[in-house]
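Got your viewer open? Let's take a walk through this protein, one selection at a time.

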Amino acid sequence: MSGLVSGYSGIIAPTNLVTNGAFRINQRGTFSTLTPVKVGDYVSDCWYVGANTNADYVEARNHSKQMQFTGYGKKGQRIEIQLKPRDNFGYGVIGDYNGSISPANSRWHYTTSWMTVLNEEGVDIQARFQGPYDLNDDLWHQDPLTLVKSGEIKQTTACINQSRGDNLTTGGFAFFILEEDGEFNVRFYHATCVTGAYKHPPNFVPVPYADDLVRCQRYY
């Protein structure tokens, strides 16, 4: 990495804003086998069952590198896990032109999050992983929900821009919605979220190639 300009190594390997995104840390030792869950249960360090979970019956298991959810429910019901918030991920920490622009001028943070979803068996689902954000100050550029049919494995992504990243309302959440009545067996892998900051935000997310090239050129 020697000879690269300051900050370039961070672009090659950006910091992941998701705490315990691989579900490898489970100090409580809970849910090592399939166990019924209720809202508020911590299934892995920093991850807990979200209040929007309303399926008829849900069991969870922490496999150290993934979370598994089985059970049954009705069409439209939802299974969700939330990430404990991380405060102050914004100014001068990640992106932000190496911290050289003040919060008042570096207004826009863009986050992109992704997660792999395996629908091992059961009914089709719609899934998404949304990374950390400030509920009071974000403007959404949401990707559509990802349809994951029985037996499929897909990556779900979401992008948002937000006017501030200093007071997180949520650390992010992953969820899936049942497409029909029946049983489900779903696994989540590799929750990842990265961010950048722009003084003059682009009009679209993902960023248009021409705009992206201009920004890249400042590193050469």
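What percentage of the 220 residues in the protein is made up of buried residues? The answer is 46%. Keep in mind as you click around that this is a predicted model.

**Stop 1: the whole chain**

Show everything as a cartoon to begin with. The secondary structure comes to 3 helices and 13 strands. Now switch on the surface: the accessible area is about 11,100 Å², and carbon and sulfur atoms hold 50% of it. Here is a number about how the chain folds back on itself: among contacts with a separation of 6 or more, 73% are between residues 24 or more positions apart.

**Stop 2: the largest nonpolar core**

Next, select V43, W47, F69, F176, F184 and F188. They belong to the largest nonpolar core, which has 31 residues, and these six touch the most other members. Colour the strands that supply at least two residues each to this core; including β3 (47-49), β5 (66-73), β6 (78-83) and β12 (173-178), there is plenty to paint. Which strand gives the most to this core? That's β13, with 5 residues.

Apart from this core there is another one, of 5 residues. Select Y133, F173, F175 and I177 to see some of its members.

**Stop 3: the rings**

Time for the aromatic side chains. The structure holds 8 aromatic pairs. Start with F173 and F175, whose rings are stacked, with 5.7 Å from centre to centre and 25 degrees between the planes. F173 and F175 are both buried.

Now jump to F176 and F188. Their ring centres are 6.0 Å apart and their planes stand at 80 degrees, so this pair counts as edge-to-face. Because F176 is in strand β12 and F188 is in strand β13, the pair ties together parts that lie 12 residues apart in sequence. Both F176 and F188 are buried. Add F69 and F184 to the selection, and you have a cluster of four residues linked by ring pairs: F69, F176, F184 and F188.

Stay on F176 and show what surrounds it. Leaving out residues up to four places away in sequence, F176 touches F69, Q77, R78, I79, I125, Q126, A127, F184, V186 and F188.

**Stop 4: charges over rings**

R78 from that list is worth its own click. The charged end of R78 sits over the ring of F175, 3.7 Å from the ring centre. For another example, select R28 and Y42: here the charged end of R28 sits over the ring of Y42, at 4.3 Å from its centre.

**Stop 5: N62**

Select N62, which you'll find in strand β4 (residues 57-62). Is N62 buried or exposed? It counts as buried, because its relative accessibility is 7%.

Show the side chain of N62 and look for its polar partners. The side chain of N62 makes a polar contact of 3.2 Å with the side chain of S44, and it also reaches the backbone oxygen of V43 at 3.4 Å. V43 should ring a bell, as one of the core residues you picked earlier. If you skip neighbours within four places in sequence, the contacts of N62 are F23, N26, T30, F31, S32, V43, S44 and M67.

**Stop 6: T53**

Where is T53? Look in the loop between β3 and β4. T53 has a relative accessibility of 15%, so it counts as buried. A polar atom of the T53 side chain lies 3.1 Å from the backbone oxygen of G50. Beyond residues up to four places away in sequence, T53 touches V39, V58, R78, I79 and E80.

Now draw a distance from T53 to I177, C-alpha to C-alpha. You should get 9.6 Å, although 124 residues separate T53 and I177 in sequence.

**Stop 7: two unusual backbones**

One bit of background before the last clicks: most residues other than glycine have a negative phi.

Select C46, in the loop between β2 (42-44) and β3. Phi of C46 is positive, near 80 degrees. At 22% relative accessibility, C46 counts as partly exposed.

Finish at H190, which lies in strand β13. H190 isn't a glycine, yet its phi is positive too, about 50 degrees. With a relative accessibility of 43%, H190 counts as partly exposed.

Methods: Residues are numbered from 1 along each chain as its sequence is written. This is a predicted model: local features need pLDDT of at least 70, side-chain atom pairs count only at pLDDT 80 or more; totals for chains, interfaces and linings use all residues. Side-chain values use heavy atoms; hydrogens and water are left out. Helices (H or I, at least four residues) and strands (E, at least two) are DSSP runs, numbered from the N terminus. Buried means under 20% relative accessible area, exposed over 50%, partly exposed in between (1.4 Å probe, protein chains only). A polar contact is a pair of N or O atoms within 3.5 Å; within protein, one must be able to donate a hydrogen and the other to accept it, and residues adjacent in sequence count only if both atoms are side-chain atoms. Contact means heavy atoms within 4.5 Å. Accessible areas come from the Shrake-Rupley method with a 1.4 Å probe; for residues, only the protein chains shown count as cover. A nonpolar core is a set of buried Ala, Val, Leu, Ile, Met, Phe, Trp, Tyr and Cys residues joined through side-chain atoms within 4.5 Å. Rings of Phe, Tyr and Trp (its six-membered ring) pair if their centres lie within 6.5 Å; planes under 30 degrees apart count as stacked, over 60 as edge-to-face and the rest as tilted. A charge sits over a ring if NZ of Lys or CZ of Arg is within 6 Å of the ring centre and within 35 degrees of the ring normal.
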